[in-house]
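Hi,

Here is the structure I promised to pass on to you. Have a look at it first, then read on for what turned up.

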Amino acid sequence: MSIRTLLVTVRGDGKGEGVLDHALALGRPFDVHIHVVHCRARAEDLLPYSTLMTVGMRETILDAAVKGAEEEEARVRGLFMEYLVNHEIQLIEEPPAPPGVTASWHEVKGRQAHVVAVRGRLADVIAVPRPEAGGLGHATFEAALLETGKLVLLCPPEPVTTIGRHVCLAWNGSGESARAASAALPLMENAEAVTVLTSPENTQDELTVDDLVKHLGWHNVNAVVRTLDVSAHEIGGALLDNTKAAGGDVLVMGGYGHSRRRELVMGGVTRFIAEHTDIPVLMMH
């Protein structure tokens with residue numbers, strides 16, 4: 001089992017290069033192929049609602065929208081091609097891939113969240129920028145996390161050099177944390193160190209942290225345990241703080257252990273980390 005394909009969506013918001021940096025840091029040890037998708041809004045979706053207009057006005061607006069979208073697409077693709085040259089990444093469209101990291105470019109019409117929800121189902125990892133509180137990025141992040149069944153790499157704006165040298169794994173015995181641990185096994189098997197972060201107040205008795213450590217041992221992963229002495233409402237910040245204190249360069253965790261509705265109303269670990277992390281985070285629902 002390995003990490004072989006990684007999906008990245010880009011648009012002209014200035015975050016694409018940072019997400020590609022994270023994808024490269026995670027994927028380089030595995031010679032991944034990065035599928036880069038530029039999502040382009042359909043021209044008809046840009047028409048104002050509840051506004052009466054003549055056929056001529058409609059055509060003028062549509063023509064301007066198409067022209068603007070084409071210019072933006074060309075600009076973003078140019079930045080992508082420049083990135084490949086600067087990082088010595090080969091552009092290929094079909095497997096098999098040569099040694100090293102490779103990438104491909106795809107232009108797709110439609111809402112970014114919907115494109116991620118569909119195309120992400122055939123990726124090993126989906127990389128998305130850290131969403132801003134109340135921003136549009138939440139729709140893409142949640143589509144990736146809730147509708148694909150794949151690992152989602154949350155990419156904060158901070159520069160990144162390594163992802164996976166020291167992996168910190170959040171554990172509470174839930175199905176979400178167990179799925180995240182299984183999906184991230186290739187990363188942990190390749191890591192120099194693995195630290196399990198757990199809190200007695202937030203762990204299900206049926207699967208203890210000792211059970212997890214033994215399971216990882218069968219995969220030749222020698223994990224150490226770091227116990228967090230915090231209450232439930234402090235766990236999000238404690239996971240980030242303890243990952244950095246342990247020397248981790250990525251946090252692996254389950255996402256939306258409670259229902260999304262409950263997290264939105266009451267707040268929760270997933271929501272807190274999604275909006276506040278300053279380190280790479282791999283999540284799985």
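How many of the residues of strand β7 (residues 166-171) are buried? The answer is 6 of 6, so to speak a strand that is mostly covered. Before going further, please keep in mind that this is a predicted model.

**The sheet around β7**

A bit of background helps with β7. In a regular strand, the side chains alternate between the two faces of the sheet. In β7, both faces are covered: one side has His166, Cys168 and Ala170, the other has Val167, Leu169 and Trp171, and all of them are buried.

What does β7 pair with? On the one hand there is strand β8 (residues 193-198), which runs parallel to β7 and is joined to it by 6 bridges. To find one of these on your screen, click on alanine 170, whose bridge partner in β8 is leucine 197. On the other hand there is strand β10 (residues 250-254), also parallel to β7, with 3 bridges joining the two. Here you can look for cysteine 168, which has leucine 251 of β10 as its bridge partner.

You can carry on from there: β10 pairs with β11 in the parallel sense, over 4 bridges. Valine 252 is a good place to look, with leucine 282 as its bridge partner in β11.

Zoom out and you get an open sheet of 11 strands with mixed pairing. The order is β3-β4-β2-β1-β5-β6-β11-β10-β7-β8-β9. At the edges sit β3 (90-91) and β9 (223-227), each of which pairs on one side only.

**A helix on the sheet**

Helix α1 packs on this sheet, where it touches β1, β2 (33-40), β5, β6 (151-155) and β11. The direction of α1 makes about 175° with that of β1.

Is α1 mostly covered or mostly open? Mostly covered: 9 of its 12 residues are buried. The buried ones are Gly16, Val19, Leu20, His22, Ala23, Leu24, Ala25, Leu26 and Gly27.

There is also a neat length check you can do on α1 (residues 16-27) yourself. At 1.5 Å a residue, its 12 residues should span 16 Å, and the end C-alpha atoms are indeed 16 Å apart, so the two agree. If you try the sum, multiply 1.5 Å by one less than the number of residues.

**Two residues to click on**

Start with threonine 9, which you will find in strand β1 (residues 5-10). Threonine 9 counts as buried because its relative accessibility is 7%, and the cut-off for buried is under 20%. Leaving out residues up to four places away in sequence, threonine 9 touches Val37, Cys39, Gln112, Val116, Ala127 and Thr140.

Next, try alanine 117 in helix α3 (residues 112-119). Alanine 117 is buried too, with a relative accessible area of 3%. Apart from its neighbours within four places in sequence, alanine 117 is in contact with Ala143, Glu147 and Thr148. You can also check a distance here: the C-alpha atoms of alanine 117 and threonine 140 are separated by 8.1 Å, although the two residues are 23 residues apart along the chain.

**The salt bridges**

Side chains of opposite charge can pair when their charged atoms come close. How many salt bridges does the structure hold? There are 3.

- Lysine 15 pairs with glutamate 132, with 3.6 Å between the closest N and O atoms. This pair links distant parts of the chain, 117 residues apart: lysine 15 is in the loop between β1 and α1, and glutamate 132 is in the loop between β5 (125-129) and α4 (137-147). Lysine 15 is partly exposed, at 31% relative accessibility.
- Arginine 179 pairs with glutamate 176, again with the closest N and O atoms 3.6 Å apart. Both lie in helix α5 (residues 175-183), 3 residues apart, which is about one turn of the helix. Arginine 179 is partly exposed at 39%, whereas glutamate 176 counts as buried at 13%.
- Aspartate 278 and lysine 244 meet at 3.1 Å, N to O. Aspartate 278 lies in the loop between α10 (269-276) and β11 (281-284), and lysine 244 in helix α8 (residues 235-246), so this pair ties together parts that are 34 residues apart in sequence. Both are partly exposed, aspartate 278 at 31% and lysine 244 at 39%.

Happy clicking!

Key: Residues numbered from 1 in each chain as written. Predicted model: local features only at pLDDT ≥ 70, side-chain atom pairs only at ≥ 80, totals over all residues. Heavy atoms only, no water. Buried < 20%, exposed > 50% of the residue type's maximum accessible area, 1.4 Å probe, protein only. Contact = heavy atoms within 4.5 Å. Salt bridge = Lys/Arg side-chain N within 4 Å of Asp/Glu carboxyl O. Pairing = 2+ DSSP bridges. Axes fitted to C-alpha atoms, helices over the stretch in contact; angles between N-to-C directions.
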